[in-house]
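User: Please take one part of this model and look at it closely, then work outwards from there to the rest of the chain. I would like a connected account rather than a list.

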Amino acid sequence: MLTQIINARILTPQGWLKDGSVLIRDNKILEVTNCDLAVVGAQLIDAKGMYIVPGGVEIHVHGGGGRDFMEGTEEAFRVAVKAHMMHGTTSIFPTLSSSTIPMIQAAVATTEKLMAEPDSPVLGLHLEGHYFNMKMAGGQMPENIKNPDPQEYIPLLESTHCIKRWDAAPELPGAMQFGKYVTSKGVLASVGHTQAEYEDIYTAYHAGYTHATHFYNAMPGFHKRREYKYEGTVESIYLMDDMTVEVVADGIHVPPTILRLVHKIKGVEKTALITDALACAASDSQEAFDPRVIIEDGVCKLADRSALAGSIATMDRLIRTVVQKAEIPLEDAIRMVSETPARIMGVLDRKGTLERGKDADIIALDRDLNVRAVWSMGKIVEGTNQLF
(Lines give C-alpha, C1' and ligand atoms only; values in the text may rest on other atoms or scores of the structure.)
Protein backbone atom coordinates (compact mmCIF):
# COMPACT_ATOMS: atom_id res chain seq x y z
CA MET A 1 0.00 0.00 0.00
CA LEU A 2 1.22 3.48 -0.92
CA THR A 3 0.55 6.49 1.29
CA GLN A 4 1.65 10.03 0.53
CA ILE A 5 1.61 12.81 3.13
CA ILE A 6 1.65 16.21 1.40
CA ASN A 7 1.71 19.91 2.33
CA ALA A 8 3.78 19.21 5.43
CA ARG A 9 6.53 20.93 7.39
CA ILE A 10 8.86 17.94 7.73
CA LEU A 11 11.81 17.55 10.08
CA THR A 12 14.68 15.75 8.33
CA PRO A 13 18.29 15.22 9.48
CA GLN A 14 19.18 18.18 7.27
CA GLY A 15 16.55 20.46 8.83
CA TRP A 16 12.99 21.51 8.04
CA LEU A 17 11.38 20.96 4.64
CA LYS A 18 8.57 23.39 3.94
CA ASP A 19 5.69 22.12 1.80
CA GLY A 20 7.28 18.69 1.90
CA SER A 21 6.03 15.23 1.09
CA VAL A 22 6.61 11.80 2.65
CA LEU A 23 5.95 8.69 0.58
CA ILE A 24 5.33 5.45 2.49
CA ARG A 25 5.09 1.93 1.10
CA ASP A 26 3.89 -0.65 3.57
CA ASN A 27 6.14 -0.16 6.63
CA LYS A 28 9.00 1.84 5.11
CA ILE A 29 9.68 5.41 4.03
CA LEU A 30 10.23 5.49 0.25
CA GLU A 31 11.03 9.19 -0.08
CA VAL A 32 11.12 12.49 1.80
CA THR A 33 11.17 15.48 -0.51
CA ASN A 34 9.95 18.99 -1.17
CA CYS A 35 9.49 18.24 -4.85
CA ASP A 36 5.94 18.18 -6.18
CA LEU A 37 5.50 14.43 -6.49
CA ALA A 38 2.33 12.97 -7.97
CA VAL A 39 2.34 9.27 -7.22
CA VAL A 40 -0.26 7.24 -9.05
CA GLY A 41 -2.30 5.03 -6.74
CA ALA A 42 -1.11 6.58 -3.49
CA GLN A 43 -3.53 7.46 -0.70
CA LEU A 44 -3.12 11.23 -0.33
CA ILE A 45 -3.11 12.77 3.14
CA ASP A 46 -3.05 16.56 3.31
CA ALA A 47 -1.12 17.67 6.39
CA LYS A 48 -2.31 21.26 5.89
CA GLY A 49 1.03 22.72 6.93
CA MET A 50 1.33 20.70 10.15
CA TYR A 51 4.61 19.38 11.51
CA ILE A 52 5.51 15.88 10.31
CA VAL A 53 8.25 14.49 12.55
CA PRO A 54 9.79 11.16 13.59
CA GLY A 55 7.84 9.04 16.06
CA GLY A 56 8.95 9.06 19.68
CA VAL A 57 11.38 6.42 20.95
CA GLU A 58 10.53 5.81 24.62
CA ILE A 59 13.44 4.29 26.56
CA HIS A 60 12.11 4.60 30.13
CA VAL A 61 8.42 3.99 30.84
CA HIS A 62 6.73 1.84 33.49
CA GLY A 63 3.18 1.70 32.20
CA GLY A 64 0.14 3.55 30.97
CA GLY A 65 -3.57 3.24 30.36
CA GLY A 66 -4.00 1.91 33.89
CA ARG A 67 -1.58 -1.00 33.46
CA ASP A 68 2.00 -1.55 34.65
CA PHE A 69 4.72 -3.55 32.92
CA MET A 70 5.58 -5.12 36.30
CA GLU A 71 2.37 -7.13 35.91
CA GLY A 72 4.26 -9.08 33.27
CA THR A 73 1.15 -10.14 31.33
CA GLU A 74 0.55 -9.77 27.63
CA GLU A 75 -2.67 -7.85 28.29
CA ALA A 76 -0.95 -5.32 30.57
CA PHE A 77 1.84 -4.78 28.03
CA ARG A 78 -0.55 -4.27 25.12
CA VAL A 79 -2.77 -1.81 27.00
CA ALA A 80 0.18 0.27 28.23
CA VAL A 81 1.95 0.30 24.86
CA LYS A 82 -1.22 1.33 22.99
CA ALA A 83 -1.88 4.11 25.51
CA HIS A 84 1.50 5.69 24.82
CA MET A 85 1.26 5.18 21.05
CA MET A 86 -1.86 7.36 21.10
CA HIS A 87 0.39 10.21 22.27
CA GLY A 88 3.22 9.89 19.76
CA THR A 89 5.37 6.99 20.97
CA THR A 90 6.13 4.58 18.12
CA SER A 91 9.00 2.58 19.63
CA ILE A 92 9.10 1.51 23.26
CA PHE A 93 11.36 -0.23 25.75
CA PRO A 94 9.04 -1.31 28.60
CA THR A 95 10.62 -0.66 32.00
CA LEU A 96 10.47 -2.67 35.20
CA SER A 97 11.16 -1.02 38.55
CA SER A 98 13.25 -3.06 40.98
CA SER A 99 11.73 -6.53 40.69
CA THR A 100 12.26 -10.11 41.76
CA ILE A 101 13.78 -12.58 39.30
CA PRO A 102 10.41 -14.36 38.75
CA MET A 103 8.83 -10.97 37.93
CA ILE A 104 11.63 -10.23 35.47
CA GLN A 105 11.27 -13.66 33.88
CA ALA A 106 7.53 -13.12 33.35
CA ALA A 107 8.19 -9.76 31.68
CA VAL A 108 10.95 -11.32 29.57
CA ALA A 109 8.55 -13.95 28.24
CA THR A 110 5.98 -11.32 27.30
CA THR A 111 8.59 -9.02 25.75
CA GLU A 112 10.00 -11.85 23.65
CA LYS A 113 6.51 -12.70 22.38
CA LEU A 114 5.71 -9.10 21.43
CA MET A 115 9.11 -8.49 19.84
CA ALA A 116 8.57 -11.52 17.60
CA GLU A 117 5.40 -10.03 16.12
CA PRO A 118 5.69 -8.28 12.73
CA ASP A 119 6.08 -4.48 12.95
CA SER A 120 6.04 -4.53 16.77
CA PRO A 121 6.72 -1.22 18.55
CA VAL A 122 8.30 -3.17 21.44
CA LEU A 123 12.07 -3.21 20.91
CA GLY A 124 13.32 -4.70 24.18
CA LEU A 125 13.10 -4.68 27.95
CA HIS A 126 14.62 -2.12 30.34
CA LEU A 127 15.42 -3.16 33.92
CA GLU A 128 15.55 -0.18 36.28
CA GLY A 129 17.24 -1.96 39.17
CA HIS A 130 17.26 -3.86 41.38
CA TYR A 131 20.95 -3.15 42.06
CA PHE A 132 20.57 0.27 43.66
CA ASN A 133 21.76 2.29 46.64
CA MET A 134 19.12 1.79 49.33
CA LYS A 135 19.59 5.39 50.51
CA MET A 136 18.44 6.58 47.08
CA ALA A 137 15.58 4.13 46.62
CA GLY A 138 12.98 6.85 46.03
CA GLY A 139 9.90 5.18 44.56
CA GLN A 140 11.62 1.80 44.11
CA MET A 141 10.39 -1.12 46.21
CA PRO A 142 13.04 -1.39 48.95
CA GLU A 143 12.40 -5.08 49.63
CA ASN A 144 13.69 -5.89 46.12
CA ILE A 145 16.89 -3.81 46.27
CA LYS A 146 20.26 -5.55 46.74
CA ASN A 147 23.87 -5.56 45.53
CA PRO A 148 24.69 -6.93 42.06
CA ASP A 149 24.57 -10.71 42.13
CA PRO A 150 26.26 -12.62 39.28
CA GLN A 151 24.30 -15.74 40.22
CA GLU A 152 21.18 -13.77 39.18
CA TYR A 153 22.23 -11.60 36.26
CA ILE A 154 24.49 -14.04 34.39
CA PRO A 155 21.87 -16.83 34.01
CA LEU A 156 19.22 -14.26 33.16
CA LEU A 157 21.24 -12.64 30.36
CA GLU A 158 22.33 -16.06 29.09
CA SER A 159 18.68 -17.06 28.75
CA THR A 160 17.37 -14.12 26.69
CA HIS A 161 18.38 -11.41 24.24
CA CYS A 162 15.40 -9.13 24.92
CA ILE A 163 16.99 -7.21 27.83
CA LYS A 164 18.51 -4.13 26.18
CA ARG A 165 19.28 -1.95 29.20
CA TRP A 166 20.01 -2.45 32.90
CA ASP A 167 20.51 0.31 35.50
CA ALA A 168 22.62 0.11 38.67
CA ALA A 169 24.38 2.23 41.30
CA PRO A 170 28.10 2.03 40.47
CA GLU A 171 29.32 2.48 44.04
CA LEU A 172 27.89 -0.89 45.14
CA PRO A 173 30.13 -3.93 45.66
CA GLY A 174 30.23 -5.89 42.40
CA ALA A 175 28.86 -3.04 40.27
CA MET A 176 31.96 -2.75 38.08
CA GLN A 177 31.93 -6.46 37.25
CA PHE A 178 28.19 -6.13 36.54
CA GLY A 179 28.79 -3.21 34.16
CA LYS A 180 31.51 -5.05 32.26
CA TYR A 181 29.41 -8.19 31.95
CA VAL A 182 26.17 -6.61 30.76
CA THR A 183 27.93 -4.43 28.20
CA SER A 184 29.73 -7.53 26.88
CA LYS A 185 26.26 -8.85 26.15
CA GLY A 186 25.27 -5.73 24.21
CA VAL A 187 23.16 -4.36 27.06
CA LEU A 188 23.26 -0.63 27.85
CA ALA A 189 24.56 -0.07 31.40
CA SER A 190 23.11 3.03 33.04
CA VAL A 191 23.88 4.83 36.32
CA GLY A 192 20.86 5.34 38.58
CA HIS A 193 19.56 5.63 42.15
CA THR A 194 23.07 6.36 43.31
CA GLN A 195 25.27 8.43 45.61
CA ALA A 196 28.26 8.16 43.28
CA GLU A 197 30.91 10.90 43.26
CA TYR A 198 33.50 11.61 40.58
CA GLU A 199 35.83 8.64 41.09
CA ASP A 200 32.84 6.26 41.07
CA ILE A 201 31.49 7.77 37.84
CA TYR A 202 34.91 7.87 36.17
CA THR A 203 35.53 4.23 37.01
CA ALA A 204 31.98 3.26 36.04
CA TYR A 205 32.24 4.98 32.66
CA HIS A 206 35.40 3.02 31.87
CA ALA A 207 33.67 -0.17 33.02
CA GLY A 208 30.88 0.36 30.47
CA TYR A 209 28.31 2.63 32.12
CA THR A 210 27.67 5.16 29.35
CA HIS A 211 24.23 6.50 30.29
CA ALA A 212 22.53 8.21 33.26
CA THR A 213 19.03 7.25 34.43
CA HIS A 214 16.55 10.14 34.93
CA PHE A 215 19.37 12.68 35.27
CA TYR A 216 19.11 14.91 38.38
CA ASN A 217 16.62 12.53 40.01
CA ALA A 218 17.73 9.96 42.63
CA MET A 219 21.31 11.25 42.53
CA PRO A 220 23.11 14.01 44.48
CA GLY A 221 24.53 17.23 43.16
CA PHE A 222 27.29 19.36 44.65
CA HIS A 223 27.27 18.84 48.44
CA LYS A 224 29.12 19.21 51.74
CA ARG A 225 30.29 16.73 54.33
CA ARG A 226 31.25 18.74 57.41
CA GLU A 227 33.50 21.58 56.22
CA TYR A 228 34.51 20.09 52.84
CA LYS A 229 32.69 20.19 49.52
CA TYR A 230 32.30 17.36 47.03
CA GLU A 231 31.10 16.98 43.48
CA GLY A 232 27.87 15.04 43.11
CA THR A 233 26.77 12.46 40.58
CA VAL A 234 25.32 15.26 38.46
CA GLU A 235 28.56 17.24 38.07
CA SER A 236 30.54 14.03 37.58
CA ILE A 237 28.32 13.00 34.68
CA TYR A 238 28.64 16.45 33.11
CA LEU A 239 32.42 15.92 33.17
CA MET A 240 32.11 12.67 31.19
CA ASP A 241 31.80 14.25 27.75
CA ASP A 242 30.60 11.10 25.99
CA MET A 243 28.16 10.00 28.67
CA THR A 244 24.52 10.32 27.58
CA VAL A 245 21.67 11.37 29.85
CA GLU A 246 17.90 11.13 29.93
CA VAL A 247 15.61 13.63 31.65
CA VAL A 248 11.98 13.35 32.74
CA ALA A 249 10.76 16.37 30.80
CA ASP A 250 7.40 16.88 32.49
CA GLY A 251 8.53 20.23 33.93
CA ILE A 252 8.24 18.86 37.50
CA HIS A 253 10.89 16.15 37.90
CA VAL A 254 13.34 18.62 36.40
CA PRO A 255 12.42 22.33 36.31
CA PRO A 256 12.38 24.06 32.92
CA THR A 257 15.51 26.06 33.80
CA ILE A 258 17.43 22.83 34.45
CA LEU A 259 16.07 21.27 31.26
CA ARG A 260 17.58 24.25 29.49
CA LEU A 261 20.87 23.74 31.33
CA VAL A 262 21.06 20.05 30.37
CA HIS A 263 20.36 20.99 26.76
CA LYS A 264 23.06 23.65 26.89
CA ILE A 265 25.77 21.46 28.45
CA LYS A 266 25.07 17.95 27.16
CA GLY A 267 23.48 19.03 23.90
CA VAL A 268 20.91 17.43 21.65
CA GLU A 269 23.00 14.41 20.70
CA LYS A 270 23.65 13.38 24.32
CA THR A 271 20.22 14.14 25.82
CA ALA A 272 17.10 11.98 25.56
CA LEU A 273 13.68 12.93 26.89
CA ILE A 274 11.72 10.27 28.77
CA THR A 275 8.32 10.06 30.44
CA ASP A 276 9.23 7.66 33.29
CA ALA A 277 5.45 7.25 33.25
CA LEU A 278 3.53 5.04 35.64
CA ALA A 279 0.36 3.06 34.98
CA CYS A 280 -1.88 6.08 35.53
CA ALA A 281 -0.38 7.94 32.55
CA ALA A 282 -2.58 8.21 29.46
CA SER A 283 -5.46 7.05 31.64
CA ASP A 284 -8.58 8.45 33.24
CA SER A 285 -7.55 6.78 36.48
CA GLN A 286 -6.24 8.91 39.31
CA GLU A 287 -4.94 5.85 41.15
CA ALA A 288 -1.36 4.61 40.81
CA PHE A 289 -0.54 0.93 40.31
CA ASP A 290 1.62 1.05 43.44
CA PRO A 291 -0.49 1.65 46.60
CA ARG A 292 2.40 3.63 48.13
CA VAL A 293 2.01 6.29 45.42
CA ILE A 294 -0.37 9.24 45.08
CA ILE A 295 -1.04 11.56 42.14
CA GLU A 296 -0.76 15.23 42.98
CA ASP A 297 0.17 18.41 41.09
CA GLY A 298 0.43 16.50 37.80
CA VAL A 299 3.04 14.04 39.06
CA CYS A 300 3.30 10.78 41.04
CA LYS A 301 4.68 11.03 44.59
CA LEU A 302 5.23 8.71 47.49
CA ALA A 303 2.25 9.12 49.80
CA ASP A 304 4.41 10.72 52.51
CA ARG A 305 5.64 13.22 49.88
CA SER A 306 9.25 12.32 50.60
CA ALA A 307 10.08 11.75 46.92
CA LEU A 308 8.71 11.80 43.40
CA ALA A 309 7.79 8.31 42.26
CA GLY A 310 7.25 8.69 38.51
CA SER A 311 5.31 10.77 36.07
CA ILE A 312 1.98 10.78 34.30
CA ALA A 313 3.57 12.32 31.20
CA THR A 314 3.23 11.19 27.61
CA MET A 315 5.49 11.84 24.62
CA ASP A 316 3.52 14.87 23.39
CA ARG A 317 3.67 16.47 26.85
CA LEU A 318 7.47 16.15 26.81
CA ILE A 319 7.65 18.03 23.54
CA ARG A 320 5.30 20.79 24.66
CA THR A 321 7.09 21.22 28.01
CA VAL A 322 10.54 21.51 26.47
CA VAL A 323 9.42 23.94 23.76
CA GLN A 324 6.86 26.05 25.62
CA LYS A 325 8.37 26.14 29.13
CA ALA A 326 12.10 25.49 28.66
CA GLU A 327 12.17 27.53 25.42
CA ILE A 328 14.20 24.93 23.53
CA PRO A 329 13.80 24.91 19.72
CA LEU A 330 11.19 22.49 18.40
CA GLU A 331 13.66 20.68 16.17
CA ASP A 332 15.88 19.97 19.19
CA ALA A 333 12.94 18.74 21.26
CA ILE A 334 11.90 16.36 18.47
CA ARG A 335 15.44 15.01 18.07
CA MET A 336 15.65 14.40 21.82
CA VAL A 337 12.51 12.20 21.75
CA SER A 338 13.42 10.34 18.58
CA GLU A 339 16.91 10.49 17.07
CA THR A 340 18.92 10.62 20.32
CA PRO A 341 17.13 7.80 22.19
CA ALA A 342 17.31 5.70 19.02
CA ARG A 343 21.06 6.28 18.91
CA ILE A 344 21.48 5.50 22.63
CA MET A 345 19.61 2.20 22.24
CA GLY A 346 21.38 1.21 19.02
CA VAL A 347 18.37 1.36 16.70
CA LEU A 348 19.17 4.54 14.74
CA ASP A 349 19.73 2.43 11.62
CA ARG A 350 15.96 2.02 11.34
CA LYS A 351 14.32 4.40 13.82
CA GLY A 352 14.52 8.01 14.97
CA THR A 353 14.66 10.07 11.76
CA LEU A 354 12.60 10.53 8.62
CA GLU A 355 14.81 9.19 5.85
CA ARG A 356 14.47 6.93 2.83
CA GLY A 357 14.60 3.27 3.82
CA LYS A 358 13.78 3.78 7.49
CA ASP A 359 10.72 2.47 9.31
CA ALA A 360 7.63 4.59 8.69
CA ASP A 361 7.23 5.78 12.31
CA ILE A 362 5.76 9.26 12.01
CA ILE A 363 3.71 11.73 14.03
CA ALA A 364 1.78 14.78 12.91
CA LEU A 365 1.70 17.75 15.30
CA ASP A 366 -0.44 20.86 14.96
CA ARG A 367 0.86 24.35 15.70
CA ASP A 368 0.05 23.91 19.40
CA LEU A 369 2.10 20.67 19.38
CA ASN A 370 -0.89 18.42 19.89
CA VAL A 371 -0.77 15.00 18.22
CA ARG A 372 -3.08 14.81 15.22
CA ALA A 373 -1.95 11.50 13.70
CA VAL A 374 0.49 8.68 14.46
CA TRP A 375 1.87 6.12 12.02
CA SER A 376 3.65 3.08 13.44
CA MET A 377 5.47 1.04 10.77
CA GLY A 378 3.34 2.74 8.14
CA LYS A 379 -0.01 1.97 9.77
CA ILE A 380 -2.13 4.68 11.35
CA VAL A 381 -2.57 4.11 15.07
CA GLU A 382 -6.28 3.67 15.70
CA GLY A 383 -7.86 6.75 17.21
CA THR A 384 -5.19 9.21 16.06
CA ASN A 385 -6.33 9.89 12.49
CA GLN A 386 -7.43 13.51 12.95
CA LEU A 387 -6.00 14.55 9.57
CA PHE A 388 -8.44 12.54 7.47
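Analyst:
**One strand and its surroundings**

Cys300 stands opposite Gly310, a residue of strand β20. The model in which this pairing occurs is a predicted one, and the values below are to be read with that in mind. Strand β19, which covers residues 299–302, meets β20 in the antiparallel sense, and the two are joined over two bridges. They belong to an open sheet of three strands, ordered β18-β19-β20 and paired antiparallel. Its edges are formed by β18 (293–296) and by β20, each of which pairs on one side only. Between neighbouring strands of this sheet the average turn is 45°, direction ignored.

What does β20 contribute to the largest pocket? Strand β20, residues 308–310, gives the most to the lining of that pocket, with three residues. The largest pocket itself has a volume of about 400 Å³. Its lining counts 27 residues, and the closest to the pocket centre are Gly139, Gln140, Leu308, Ala309 and Gly310. Gly310 therefore links the two descriptions, since this residue of β20 is the one opposite Cys300 and is also among the residues closest to the centre of the largest pocket; a probe the size of a water molecule, rolled over the atoms, shows where such empty space is left. In chemical character the lining of the largest pocket divides into eleven nonpolar, eleven polar and five charged residues.

The second largest pocket offers a useful counterpart, with a volume of about 350 Å³. Of the 17 residues in its lining, Arg78, Val81, Met85, Glu117 and Pro121 lie nearest the centre. Two elements, α1 (74–85) and β23 (379–380), give two or more residues each to this lining, and α1 provides the largest share, namely five residues. Here the division is into nine nonpolar, two polar and six charged residues.

Before β18 in the chain comes a loop that runs from β17, and Ala282 is found in it. The phi of Ala282 is near 50°, a positive value in a residue other than glycine. Most residues other than glycine have a negative phi. Ala282 is partly exposed, because its relative accessible area of 29% falls between the limits of 20% and 50% that bound this class.

Strand β17 leads to the other sheet to be described, an open one of eight strands in the order β6-β9-β10-β11-β12-β13-β16-β17, with parallel pairing. Its edge strands are β6 (56–61) and β17 (271–274), each pairing on one side only, and its neighbouring strands are turned by 25° against each other on average, direction ignored. The partner of β17 is β16, residues 244–248, and the two pair in the parallel sense over four bridges; within this pairing Glu246 stands opposite Ala272 of β17. In a regular strand the side chains alternate between the two faces of the sheet. In β17, Thr271 and Leu273 point one way while Ala272 and Ile274 point the other way, and all of these are buried.

Two further members of the eight-stranded sheet have local details worth a look. Strand β10 (residues 125–131) contains His130, and the peptide bond that leads from Gly129 to His130 is cis, with omega near 20°. Ahead of β13 (209–212), the loop that follows α5 (198–206) holds Ala207. Is Ala207 buried or exposed? With a relative accessible area of 4%, Ala207 is buried, as this value is under the 20% limit. Ala207 and Gln177 are 30 residues apart in sequence, and their C-alpha atoms are 7.8 Å apart in space.

Beyond β20, helix α8 covers residues 315–325, and its buried residues are Met315, Asp316, Arg317, Leu318, Ile319, Thr321 and Val322. Just after α8, Glu327 has a positive phi of about 60°. Further along, Leu369 sits in the loop between β21 (362–365) and β22 (371–376), and its phi, near 65°, is again a positive value in a residue other than glycine. Leu369 is buried, with a relative accessible area of 5%.

As for the whole, the chain holds ten helices and 23 strands. Its radius of gyration is 20 Å, close to the 21 Å that the globule rule gives for 388 residues, so the chain is as compact as a globular protein of that length. The C-alpha trace spans about 70 × 45 × 40 Å along its principal axes, and 59% of the 388 residues are buried.

Terms used:
Residues numbered from 1 in each chain as written. Predicted model: local features only at pLDDT ≥ 70, side-chain atom pairs only at ≥ 80, totals over all residues. Heavy atoms only, no water. Buried < 20%, exposed > 50% of the residue type's maximum accessible area, 1.4 Å probe, protein only. Pairing = 2+ DSSP bridges. Axes fitted to C-alpha atoms, helices over the stretch in contact; angles between N-to-C directions. 1 Å grid on protein atoms, 1.4 Å probe; cavity = no way out; pocket = protein on both sides within 12 Å on 5 of 7 lines; lining within 4 Å. Points joined across faces, edges and corners; volume = space filled by probe spheres on them. Nonpolar A, V, L, I, M, F, W, Y, C, P; charged D, E, K, R; others polar. Rg over C-alpha atoms; globule rule 2.2 N^0.38 Å.
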